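I opened this notebook to look up backbone outliers and the main pocket, and I wanted each item placed before going on to the next.

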Amino acid sequence: MGRALQLLVSLIMVIVLHAAADQNLLKTTCPLCNMDVKADINATILGDQYVYACEMAGHIDSLQNNPAANLGAPKKADISTDEIYKDAKSLRCPVCGKGYDQLTHAVPWISKGAQKIYTCSEEHAQIVFDNPLSFVAAQASSNDFCTGTGSVMFNGFQLAIGGDASCLMILFQPWVTSSAVKYAFAFLGVVLLAISLEGFGELRDYLQARLHRDYGIVSSQTDYVSVSTPLVASGRHSHNINQNSFTQKTGRVPDAQLSIMRRLPVWCKLLLAVMYMLHLCLGYWIMLIIMTYETLMFVAVIVGVGLGFIIFKNTDADELRGSVDPCCST
């Protein structure tokens with residue numbers, strides 16, 4: 001029992017020390033835009049070093065494929081006081097392999113953030129600066145269809161197809177269109193999602209009408225007034241009519257409109273609220289897909305919304321319901 005406990009403590013210590021040896025990503029930002037970085041979006045550097053980037057399309061590609069344009073002049077640096085690298089004990093000089101305690105200079109990634117490539121001397125820092133492609137290697141996936149780990153937004157409308165194009169990430173991290181098959185399924189999925197947006201709106205209208213018909217509590221309302229009617233008096237006292245000679249009666253105005261209202265019970269209102277939230281969720285998913293600025297995905301949304309209109313909308317009605325804004329088509 002004691003030996004098992006000792007092994008458990010040792011294992012925990014190894015895990016803690018390993019975690020402490022990593023670069024502090026909480027204080028690391030993208031060199032191109034200063035946004036928070038993602039741990040799985042990085043490029044390897046010799047000497048167990050990395051450069052990290054955000055999810056913006058092309059940023060990691062720029063850093064790993066053209067590092068010369070993103071590196072500043074070498075300078076002296078104290079790694080022991082660097083908030084990002086002071087606990088990264090596994091770092092070594094990418095030129096000669098000297099360890100953490102001998103790293104005295106750095107080549108900074110520019111123009112934002114504070115990421116660096118640490119070296120053991122000014123001479124080795126200059127070597128890295130002069131020929132960075134010899135030390136910075138791509139780690140992100142690359143194939144003939146697209147490159148990178150997936151981007152959620154492009155810089156203007158473009159295709160996520162081609163060896164030089166960044167792969168597209170749709171809504172969730174695992175959904176990266178890194179092959180032609182995945183891209184085709186993504187296109188069809190977006191079309192179906194846009195179709196469902198229109199269909200869900202019609203379903204909500206039908207459900208609301210059905211709930212009012214089957215479970216609505218009927219109540220009526222109309223206009224009532226108080227009418228004063230004079231009492232019939234005898235002949236010689238007919239001229240002595242006073243306030244007490246009138247009787248008060250309540251009755252409905254002859255021309256008043258009688259309105260019938262149906263009030264829904266609470267559970268029906270909750271059901272309609274859930275339907276409303278789901279419909280809004282579909283709309284915002286469509287909006288986020290459009291905001292990726294991927295050309296064919298935008299086309300897929302427009303095609304899907306058009307097909308949904310044809311399939312679900314009653315074009316013979318006097319007035320068409322709904323909104324042309326997908327994110328607010330509720």
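I began with Asp48, which I found in the loop between strand S1 (42-45) and strand S2 (49-52); the model I am reading is a predicted one. Its phi is near 55 degrees, and I noted this as a positive value in a residue other than glycine. I then looked up the exposure of Asp48 and recorded a relative accessible area of 39%, so the residue counts as partly exposed, given that this class runs between under 20% for buried and over 50% for exposed.

Next I turned to Leu171, which is not a glycine either and yet has a positive phi of about 70 degrees. I placed Leu171 in the loop between strand S8 (166-168) and H4, and at 32% relative accessibility I entered it as partly exposed.

I also checked the peptide bonds and noted a cis bond joining Ile110 and Ser111, with omega at about 10 degrees. Of these two, I located Ser111 in the loop between strand S4 (105-108) and strand S5 (116-119).

Last, I went to the largest pocket, for which I wrote down a volume of about 260 Å³. It is lined by 15 residues, and the closest to its centre are Ile170, Trp175, Ala186, Gly189 and Val190. Two elements, helix H4 (180-215) and helix H5 (266-290), each give two or more residues to this lining, and H4 gives the most, with six residues. By residue class, I entered the lining of the largest pocket as 12 nonpolar, two polar and one charged.

Methods
Residues are numbered from 1 along each chain as its sequence is written. This is a predicted model: local features need pLDDT of at least 70, side-chain atom pairs count only at pLDDT 80 or more; totals for chains, interfaces and linings use all residues. Side-chain values use heavy atoms; hydrogens and water are left out. On a 1 Å grid over the protein atoms alone, a cavity is a set of points where a 1.4 Å probe fits but cannot get out, and a pocket is an open set with protein on both sides within 12 Å along at least five of seven lines; lining residues have an atom within 4 Å of a point. Grid points are joined across faces, edges and corners, and a volume is the space filled by probe spheres set on the points. Helices (H or I, at least four residues) and strands (E, at least two) are DSSP runs, numbered from the N terminus. Ala, Val, Leu, Ile, Met, Phe, Trp, Tyr, Cys and Pro count as nonpolar, Asp, Glu, Lys and Arg as charged, and the others, Gly among them, as polar. Buried means under 20% relative accessible area, exposed over 50%, partly exposed in between (1.4 Å probe, protein chains only).
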